[in-house]
Amino acid sequence: MVYINRIEHFNAAHRLYNPAWSEERNKEVFGPCANINWHGHNFELIVTVKGEPDPDTGFVIDLKLLGDIVRREVIEKVDHKNLNLDVDFMHGKMASCEIFITEIWKILERALEPVTDAHLHQLRLYETPKNFVDYFGE
């Protein structure tokens, strides 16, 4: 089994806020991330797919194809956007990295299925150089 990685970068704003809570409770739990005027990050998304190399090409997946899919299905929808307001697949959901990465997984898994025998293995989303989340579709 060979694991192929693609890194993409995007910028986005969001707010961590539970509408069922008071402003005070949101500030207590989420701190400055509950700022009513949002806050932003320079995100890095690492997409890992796995599979056996094709005997004709030597590829698990054509990296250009993988990059095109990630950019079309995710990056173009989130780059320089407000995750809470502008991103359709995040409407009505908490804009935490944990929820965000699971929604990205659903999109990429569907997009990859008809074009490759490779399978999505892992997503890693860096929110800051010190904070990141991993998701394996489990």
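Is Arg25, at 35% relative accessibility, buried, exposed or partly exposed? Arg25 counts as partly exposed. The close-ups below come from a predicted model, and Arg25 turns up in one of them.

**Figure 1. Glu28 and Arg25 pair up within helix α1.** Let's start with the residue from the opening question. Arg25 and Glu28 form a salt bridge, and their closest N and O atoms are 3.0 Å apart. Side chains of opposite charge can pair when their charged atoms come close. Helix α1 covers residues 23-30, and these two partners sit three residues apart in it, so about one helical turn separates them. Glu28 is exposed, with a relative accessible area of 61%, while Arg25 is partly exposed at 35%. Arg25 has an aromatic neighbour as well: it lies over the face of Trp21, 4.8 Å from the ring centre.

**Figure 2. Arg15 meets an acid and a ring.** Look for Arg15 and Glu23, whose side chains meet in a salt bridge with an N to O distance of 3.2 Å. How do the two partners compare for exposure, buried or partly exposed? Arg15 is buried, with a relative accessible area of 8%, whereas Glu23 is partly exposed at 31%. Now find Tyr17: Arg15 lies over the face of this ring, at 3.9 Å from its centre.

**Figure 3. Asp68 and Arg71 belong to a network of salt bridges.** Here the view moves to helix α2, which spans residues 63-78. Asp68 and Arg71 form a salt bridge in which the closest N and O atoms are 2.7 Å apart. The two residues are three apart in the helix, which means that about one helical turn lies between them. Both are partly exposed: Asp68 has a relative accessibility of 26%, and Arg71 has 29%. The story doesn't stop with this pair, since salt bridges that share partners join Arg6, Glu8, Lys64, Asp68 and Arg71 into one network. Across the whole structure, a search finds 10 salt bridges.

**Figure 4. Cys33 and Cys97 are not in a disulfide.** How many disulfides are there in this model? The count comes to zero. A disulfide is a covalent bond between the sulfur atoms of two cysteines. For Cys33, the nearest cysteine sulfur is that of Cys97, and it is 9.2 Å away. A pair counts as a disulfide if the sulfur atoms are within 2.5 Å, so at 9.2 Å Cys33 and Cys97 don't make the cut. Turn to exposure and you'll see that Cys33 is partly exposed, with a relative accessible area of 25%. Cys97 counts as buried, at 8%.

**Figure 5. Strand β4 pairs with β2 and with β5.** Strand β4 is made of residues 119-126. It runs antiparallel to strand β2 (residues 39-51), and seven bridges join the two. To get your bearings, find Glu44, which stands opposite Tyr126 in β4. Strand β4 also pairs with strand β5 (residues 132-135), again in the antiparallel sense, over four bridges. Here a handy landmark is Leu125, whose bridge partner in β5 is Val133. What do β4 and β5 form, and how many residues lie between them? They form a hairpin, with five residues between them. While you're looking at the strands, keep in mind that in a regular strand the side chains alternate between the two faces of the sheet.

**Figure 6. Phe10 and Phe43 form a stacked aromatic pair.** The structure holds seven aromatic pairs, and this is one of them. The ring centres of Phe10 and Phe43 are 4.9 Å apart, with 15 degrees between the planes. The pair links distant parts of the chain: Phe10 is in strand β1 (residues 2-14) and Phe43 is in strand β2, 33 residues apart. Both rings belong to buried residues, with Phe10 at 0% relative accessible area and Phe43 at 0% as well. They have company too, because Phe10, Phe43, Phe89 and Phe100 form one aromatic cluster.

**Figure 7. Trp105 and Tyr135 meet edge-to-face.** Their ring centres are 5.4 Å apart and their planes lie at 85 degrees, so this pair counts as edge-to-face. Trp105 lies in helix α3 (residues 97-112) and Tyr135 in strand β5, so the pair ties together parts that are 30 residues apart in sequence. Are these two residues buried or exposed? Trp105 is buried, and Tyr135 is too.

How values were computed. Residues are numbered from 1 along each chain as its sequence is written. This is a predicted model: local features need pLDDT of at least 70, side-chain atom pairs count only at pLDDT 80 or more; totals for chains, interfaces and linings use all residues. Side-chain values use heavy atoms; hydrogens and water are left out. A salt bridge is a side-chain nitrogen of Lys or Arg within 4 Å of a carboxyl oxygen of Asp or Glu. Buried means under 20% relative accessible area, exposed over 50%, partly exposed in between (1.4 Å probe, protein chains only). Two strands pair if DSSP finds at least two bridges between them. Rings of Phe, Tyr and Trp (its six-membered ring) pair if their centres lie within 6.5 Å; planes under 30 degrees apart count as stacked, over 60 as edge-to-face and the rest as tilted. A charge sits over a ring if NZ of Lys or CZ of Arg is within 6 Å of the ring centre and within 35 degrees of the ring normal.
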